[in-house]
Amino acid sequence: MAALQSSTLDALKKNQPQLLVEWTHGLETSGAARNIKEQDLKQQTSDFLQLIVSGLENGNGQNITTPGWEEIRQFLEKLSHSRALLGQDSQQTASFIFSLKGPLFALLQNHYQDSPALLAEQLWEISELLDALGMHVIRTFQKSREAVIKRQQEELLELSTPVVKLWDGVLALPMIGTLDSQRTQVVMESLLQRIVDTGSEIAIIDITGVPTVDTLVAQHLLKTVTAIRLMGADCIISGVRPQIAQTIVHLGLDLQGVVTKANLADALKLALTRLGLTVSKAD
Amino acid sequence: MERIPILQMGDFLLVTIQVDMHDQLALTLQDDLSERISRTSARGVLIDISALDMVDSFIGRMIGTISGLSKIMDAQTVLVGMQPAVAITLVELGLTLPGVSTALNVERGMKLLQERVRNQ
């Protein structure tokens, strides 16, 4: 495969400012520049052109995985990471590279007017290079997005498991959302830890916010209840809605002597009774 | 030979496991405890495992066995101070220790034991 001609490179260098203007214009019309400050965009485009020229100048060839392209790879990684954080989609991010093609090809066409064979060859080369760079952008963009999603998942997990103290010696855990094994694990750990920290004798798990209870969820609940019992505390499950009670009976689930209550108030009342406390009206 | 001490407090025996249990130690404890119960005719056994932060299935089963054998020898058993990690491990291993009484700490365990013996 033929390498890029030095004359192509020269043309690129000479027309850099014009290329920059056309590219920026292209970016704006395609919507890839949305939400990005004009100044930042200008900086990014000129940096990128500079990097690509210096990359080509050093004769690094078209394989962007070689160390010679390290700088531009890093630049693109930073770029796609910031785009991901801005909430742009992959198409908008990738068109940062791909919209350079138009102005660049026009430039080459102009430059190689007299030799169509050479033009085709050079176009192919430059297109290969830009495609590879575009792919790299998409790949890193995806990675950044995945990192963002993972972080959010972890935060949600933390948010969704608050252990609250209802009374001296009574803890409550209002569960919201579907119970899966990962969540159960987190819930169990934080609840057990709080039981140890506070020395609470009774823990109430409120499942009002759990949309459905199937065999798996019931199994997770039972595991938690058993672990609490092993630690030496008691567990009450509250917030069993009529539909959930029906499902549990229909599925034939055995809750093995777990105390269940229809709502949190009843559970608290039972907990207070067990602690030997009574709540009465002040006269 | 390494042994886990068994302390006598009135009618009760107190076993505190302060070291990591290994199989031989658990077997020795089982023998010692049954021998002590029969010698002192203790009414209750309190096993404190608050310092135990790792269990395997063998030790988990042994805890169940120890409380089971004390019960047969007419001594109420209370297991106290299980760490969250240990509780989770036992549950995941499927060792739910049915019939074993538990309490959060030694103080509460003692109270529970006294209540049980009184009600007998």
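The following paragraphs describe the two chains of a predicted model, their contact, their nonpolar cores and selected local features.

Chain A has a secondary structure of 11 helices and 5 strands, and 31% of its 283 residues count as buried. Among the contacts in chain A with a separation of 6 or more, 76% are accounted for by residues 24 or more positions apart. In chain B the secondary structure comes to 4 helices and 5 strands, which follow one another from the N terminus in the order β-β-α-β-α-β-α-β-α. Of the 120 residues in chain B, 39% are buried, and residues 24 or more positions apart account for 79% of the contacts in this chain with a separation of 6 or more.

The contact of the chains involves 15 residues from chain A and 13 residues from chain B. On the side of chain B that touches chain A, the elements that give two or more residues are α3 (84-92) and β5 (101-103) of chain B, and the largest share, 5 residues, comes from α3(B). By residue class, this side of chain B divides into 10 nonpolar, 3 polar and no charged residues.

In soluble globular proteins, nonpolar side chains tend to be buried together. In the model, the largest nonpolar core holds 67 residues, of which Ala203(A), Ile204(A), Met231(A), Val45(B) and Ala87(B) touch the most other members. Helix α9 (residues 215-231) of chain A provides the largest share of this core, 7 residues. Another core, of 24 residues, lies apart from it and has Leu19(A), Ala94(A), Leu129(A) and Leu133(A) among its members. For Ala87(B), when residues up to four places away in sequence are not counted, the residues touched are Leu192(A), Ala227(A), Leu230(A) and Met231(A) of chain A, together with Met82(B) of chain B.

Within chain A, helix α2 (residues 16-30) and helix α6 (residues 101-111) pack at an angle of about 145°, and their axes are 8 Å apart. The residues that meet are Leu19(A), Glu22(A), Trp23(A) and Gly26(A) from α2(A), and Gly102(A), Pro103(A), Leu104(A) and Leu107(A) from α6(A). This contact of α2(A) with α6(A) is made up of 5 nonpolar, 2 polar and 1 charged residues. Leu19(A), one of the residues of α2(A) in this contact, is also among the members of the core of 24 residues.

Helix α4 of chain A covers residues 70-86, and because a rise of 1.5 Å a residue gives an expected span of 24 Å for its 17 residues, the distance of 24 Å between its end C-alpha atoms agrees with expectation. The buried residues of α4(A) are Ile72(A), Leu76(A), Ser80(A), Arg83(A) and Ala84(A). They lie on the same side of α4(A), because the arc that they cover around the axis is only 105°. Gln74(A) and Leu85(A), on the other side of α4(A), are exposed. Just after α4(A), the backbone at Gly87(A) takes a positive phi of about 85°.

Ser200(A) is placed in the loop between α8 (181-198) and β3 (202-209) of chain A. This loop residue counts as buried because 24 other C-beta atoms lie within 10 Å, against a cut-off of 20 or more. Its contacts, leaving aside neighbours within four places in sequence, are with Gly169(A), Val170(A), Leu171(A), Ile195(A) and Ala233(A). Ser200(A) and Asp234(A), although 34 residues apart in sequence, have C-alpha atoms 9.1 Å apart in space.

Most residues other than glycine have a negative phi, and most peptide bonds are trans. Against this background, two loop residues of chain B may be described. Ser41(B), which is not a glycine, has a positive phi of about 40°, and it lies in the loop between α1 (23-40) and β3 (44-48) of chain B. Ser41(B) counts as exposed because it has 11 C-beta neighbours inside 10 Å, where the cut-off is 12 or fewer. Asp74(B), in the loop between α2 (57-72) and β4 (76-80) of chain B, has a positive phi near 60°. With 12 other C-beta atoms within 10 Å, Asp74(B) is likewise exposed.

Definitions and conventions: Residues are numbered from 1 along each chain as its sequence is written. Chains are lettered from A and ligands numbered from 1 in the order in which they are written. This is a predicted model: local features need pLDDT of at least 70, side-chain atom pairs count only at pLDDT 80 or more; totals for chains, interfaces and linings use all residues. The expected span of a helix is 1.5 Å times one less than its number of residues. The arc is that of the directions from the helix axis to the C-beta atoms. Axes are lines fitted to C-alpha atoms, for helices over the stretch in contact, and angles run from 0 to 180 degrees between N-to-C directions. Two residues are in contact if their C-beta atoms, placed from the backbone, lie within 7 Å. Ala, Val, Leu, Ile, Met, Phe, Trp, Tyr, Cys and Pro count as nonpolar, Asp, Glu, Lys and Arg as charged, and the others, Gly among them, as polar. A nonpolar core is a set of buried Ala, Val, Leu, Ile, Met, Phe, Trp, Tyr and Cys residues joined through C-beta atoms within 7 Å.
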